Amino acid sequence: MAVAASTPIELVNGVYATLDQRLGAARTRFGRGLTLAEKILINHLDSPDQELERGDSYVDLRPDRVAMQDATAQMAWLQFMTAGLDEVQVPATTHCDHLIQARVDGKRDLLAAVETNEEVYDFLEAVCARYGAGFWKPGSGIIHQVVIEQYAFPGGMMIGTDSHTPNAGGLGMIAVGVGGADAVDIMTGFPWNVRWPKAIGVKLTGSLNGWTAPKDIILKVAEILTVKGGTGAIVEYFGEGADSLSCTGKATICNMGAEIGATTSLFGYDPAMARYLESTGRAEIAQAANAVAHHLRADDEVLADPNRYYDQVVEINLDTLTPHINGPHTPDRAREVSALGDEARSEGWPTTISAALIGSCTNSSYEDITRAASIAREATAKGLTVKSKLMITPGSEQVRATIERDGLLADFEALGATVLANACGPCIGQWDRSEETEHRAGEPNIVVTSYNRNFPKRNDGDPATLAFVTSPETVMALALAGSVDFDPINDTLTNESGEEVRLSVPVGVELPPAGFTPGESGFMAPPADPSSIEVGVSPDSSRLQLLTPFPAWDGNDYSDLPILVKAQGKFTTDHISMAGPWLKFRGHLENISGNLYLGAVNAYSGYEVGYGKNQLTGATQTFPDIARSYHESGQPWVVIGDENMGEGSSREHAAMEPRFRLGLVAIARSFARIHETNLKKQGMLPLTFADPADYDRIGEDDRIDVTGLADLVPEGQVTVEVTPPSGQTWTFQTNHTFSADQIQRVTAGSALNIIRPQTAG
């Protein structure tokens, strides 16, 4: 299978060729018009006669491609290697963006990463070459920026092993973040099994003006829907306001849709997308999309009466939307920028900003950079200086080379900004602040970013850091003020001459007038004949470890399970399997398990983080140490979570680690979609309390039995028995979301155990 540095027109034409027939049949079947999401999903159904009940039916889909970033790709490829195939069955790429740590500047940090991660990069390059996938070298850019520049296309469908894969929705593509096991399904030629999503419509009226940016739209949506309001749904944006946004502005909104738990988000095809395709060298795709444009947006009757076609409709007037800033600790804690100063004082937060960071996969487009750079340029001209450490992260080598050519990097550097590598960096915890003399770990400090996620420890591993997310231009303005107590619309700054200076409205340029320049190519296509390539993993490696299949179910109910952790409050994937320094072990299941539940707040104390009681010894230990103790003793166990367990990243390590350490059951008040799926993929049993109040009744020393597993059926309930030390057993009911096919994953031990016998030659 040929893998190119961009999507071939033949693939696009193949997707468009079936639209007329399949969508016509679907309109007849439903007796109504179709939303855009329905159109794309229907066109990618493995079989047209599947039941399509929103929020209920499980369906099989055929995505057009798979994209993986280097941290999650390691485990995905290690799983794929066990399948026995010689080649991936769909176009696939691996992007090296997560393992580059921000320390000094882009050039030196990249050189250090290449040296530090040589073993992992060599493995990923070799495995891509061996199995027919494209490889993007470190420094090429962040996966989502490269995908929208090279691979995304209107009406297409892809999955990616990163939660912010929906970034491609800005180009009208259904792009869904998944765990590595889902990617392996697709790469081995199996369909992707997922629940038919609900539909949330967001109608945008008016148009953005002044300091308000596309980022403010999704910050407002996060406030309205909260971090779990989009769970199980595709969010579809439409209206005159949607048409007024640039393609990359739309991508920003879709990218951060991951923070509301949405399956994905997307916009309908429009002239802005065509302009972006043409500017990035894909005029052929724009022409093909123009020919089927009526299929690449919701039907007219849907747009005329959206409340009839969406399960929920949110309306936002862009004329009156103001700049927002969300945080700390959660991306849905929103307020207007002008209100943050007063709130900081009332909450006892510092107001001084220690660092301001512009870029990331969410906001590193040419337009984003031009708006922020216009402020930087004006600041220099008016004698202003930055009062906070300022860092810029280009999203890709193409963006970096273009903004350097056009003088935009120079605008930031004139203010003393540090330009980081074309990588994730501080957005995912890859930020070493140890040499910052003005920062002391453990002391409360504020960072403002144009990133997407702001959980505790997310950016720098320091729980005392309070992170706020906002638009790039607002970050730039706050960096000049050095304080969150600044409203760029109404307040003034004092320059070096003691003059009061007001910042002008930022000016953005949608696309580079001189076109994009690619910079240094980082793409490596697989060889025509990969037969001589060997993919080696040393048994002595601390970074990579070949996988041993998880054991199949023994046919017995689960009994006498201790509770490893009962987590209180936020129990995100960052709490379950944190990133930062642990990223280096993402290809070594045993070593990465050393971080299992390290960020969990122990519900039995209400404040202890990462520590609990070892039920075998009575000792207080870290959760990963307890898990290792249980594993070595052959003691299975259960984990209990609060609301929205597994919010955040797509990382399947948050499911593979507990499974590896003999975790069998996860019970929570509710689950985030990707984490629940990952648990099921690895053969664990995710259950939700039928009565959420039962969460409060379970004691630290209680033992858990899960009964009736042989009779597990879709839509049924599972009975859980609790035996406290007193011996007074009580029971409660739980719900599950397993389909008939998914139940086999528990009996087989994992989804991969089902695939392997069918693919191994």
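Biologist: Which strands form the closed barrel, and in what order do they run?
Modeller: This model is predicted. Its closed barrel has 7 strands, and their pairing is mixed. The twist averages 40 degrees from one strand to the next. The strand order is 22-25-26-27-30-29-28.

Biologist: Which residue in strand 27 stands opposite I667?
Modeller: Strand 26 covers residues 663-668, and strand 27 covers residues 685-689. The two run parallel and are joined by 4 bridges. Opposite I667 stands L687.

Biologist: Helix 22 packs on this sheet, so what angle does its direction make with that of strand 22?
Modeller: Helix 22 spans residues 623-633. It touches strand 22 (558-566) and strand 25 (637-641). Its direction and that of strand 22 make an angle of about 160 degrees.

Biologist: Which strands stand at the edges of the open sheet?
Modeller: The open sheet has 4 strands in the order 10-9-8-11, with parallel pairing. A strand at the edge has a single partner strand, so one of its sides is left without a neighbour in the sheet. That describes strand 10 (264-267) and strand 11 (312-317).

Biologist: Over how many bridges do strand 8 and strand 11 pair?
Modeller: Strand 8 holds residues 198-205. Within this pair, T205 stands opposite N317 in strand 11. Strand 8 and strand 11 pair in the parallel sense, and the bridges number 6.

Biologist: Which strands does helix 11 touch?
Modeller: Helix 11 (residues 247-255) packs on the open sheet. Its direction makes about 160 degrees with that of strand 10. The strands touched are strand 9 (233-238) and strand 10.

Biologist: Are helix 16 and helix 19 roughly parallel or roughly antiparallel?
Modeller: Helix 16 covers residues 366-381, and helix 19 covers residues 472-481. Their axes come within 8 Å and cross at roughly 25 degrees. Angles under 35 degrees count as roughly parallel. The two helices are therefore roughly parallel.

Biologist: How many nonpolar residues does the contact of helix 16 with helix 19 have?
Modeller: Helix 16 brings D368, R371, A372, I375, A376 and A379, while helix 19 brings P472, E473, M476 and L480. By class, 3 of the contact residues are charged and none is polar. The nonpolar count is 7.

Biologist: In which sense does helix 16 pass helix 19, left-handed or right-handed?
Modeller: The axes of helix 16 and helix 19 cross at roughly 25 degrees. That angle alone leaves the hand open, but the crossing has been assigned one. It is right-handed.

Biologist: How many residues of helix 7 are buried?
Modeller: Helix 7 runs over residues 143-150. Its buried residues are I143, H144, Q145, V146, V147, I148, E149 and Q150. The helix is largely enclosed by the rest of the structure, because the buried count is 8 of the 8.

Biologist: Which residue follows G327 across a cis peptide bond?
Modeller: Omega of this bond is near -5 degrees. The residue lies in the loop between strand 12 (324-326) and strand 13 (334-336). It is P328.

Biologist: Is K457 buried or partly exposed?
Modeller: K457 is not a glycine, yet its phi is positive, about 70 degrees. It is found in the loop between strand 17 (445-449) and strand 18 (465-469). Its relative accessibility is 32%, so K457 counts as partly exposed.

Biologist: What value is phi of L662 near?
Modeller: L662 is found in the loop between helix 23 (653-660) and strand 26. At 23% relative accessibility, L662 counts as partly exposed. Its phi is positive, in a residue other than glycine, and is near 80 degrees.

Definitions and conventions: Residues numbered from 1 in each chain as written. Predicted model: local features only at pLDDT ≥ 70, side-chain atom pairs only at ≥ 80, totals over all residues. Heavy atoms only, no water. Axes fitted to C-alpha atoms, helices over the stretch in contact; angles between N-to-C directions. Parallel < 35°, antiparallel > 145°, perpendicular 65-115°, else oblique. Left-handed = near helix turned anticlockwise from the far one by under 90°. Contact = heavy atoms within 4.5 Å. Nonpolar A, V, L, I, M, F, W, Y, C, P; charged D, E, K, R; others polar. Pairing = 2+ DSSP bridges. Buried < 20%, exposed > 50% of the residue type's maximum accessible area, 1.4 Å probe, protein only.
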